[in-house]
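Student: Hi! Could we go through this structure together?
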Amino acid sequence: IEEGYSRKNAIEDIFKYNLTGVDLDTRAKQLAQFALLLKACQKDPSFADAHYMPKVLDMPKVDRYTFKDTFGHFDCAYKIESNQRCYEELLEAFALLEQADNLGSIIKFNISDSTQEYIIKCIEAYVNEPKFESSFESLIHGYNLILTLTKKYAALVMNPPYMRAANMND
């Protein structure tokens, strides 16, 4: 507001560009979004209609087989030069996502810049084009998580795992 933004624009820009959340549990994700919306409503009552949601992700229920089934059918009209390399990188990433419930945000993806660019274009195409089927929703959810966990951030706030090692799986 001191920089000349309206309250509404300031909150929207914070939600769009400055705040990203990830949680293992879908219910915790929903509660975090709700808490952020309540805080936004305290500053600007127009957010009561939830016209812009904060970006809080949960771990997708996607495996490499879902990825294999949908990758060839999802055409975001953006071709990359090394399609095979992109496919292999994303296949490896979705194999890691199979363990998302166990690994959480410590997952380390090995994604090239061209693959990241491909993912961004696919997400934009999915959001902007109503022609895509809902069957691609889990693919896009996986893409969003991969991008979120490969970005660099100025600050991170994390919860430690609450489970004792004896309760963890292999």
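Student: What covers the buried residues of H1?
Tutor: Helix H2 (26-43) and strand S2 (55-58) are among what covers them, through contacts (heavy atoms within 4.5 Å). Before we go on, this is a predicted model, where local features need pLDDT of at least 70, side-chain atom pairs count only at pLDDT 80 or more, and totals for chains, interfaces and linings use all residues. Residues are numbered from 1 along each chain as its sequence is written, and side-chain values use heavy atoms, with hydrogens and water left out.
Student: Which residues of H1 are buried?
Tutor: In helix H1 (residues 7-18), they are Ala-10, Ile-11, Glu-12 and Phe-15. Buried means under 20% relative accessible area (1.4 Å probe, protein chains only).
Student: And how many helices and strands are there in the protein?
Tutor: The protein has 7 helices and 2 strands, taken as DSSP runs numbered from the N terminus (helices H or I, at least four residues; strands E, at least two). From the N terminus, the order is α-β-α-β-α-α-α-α-α.
Student: New topic: which element gives the most to the lining of the second largest pocket?
Tutor: That's H6, with 6 residues. S2, helix H6 (113-128) and helix H7 (137-150) each supply at least two residues of that lining. A pocket is an open set of points on a 1 Å grid over the protein atoms alone, where a 1.4 Å probe fits, with protein on both sides within 12 Å along at least five of seven lines; lining residues have an atom within 4 Å of a point.

Notes: Buried means under 20% relative accessible area, exposed over 50%, partly exposed in between (1.4 Å probe, protein chains only).
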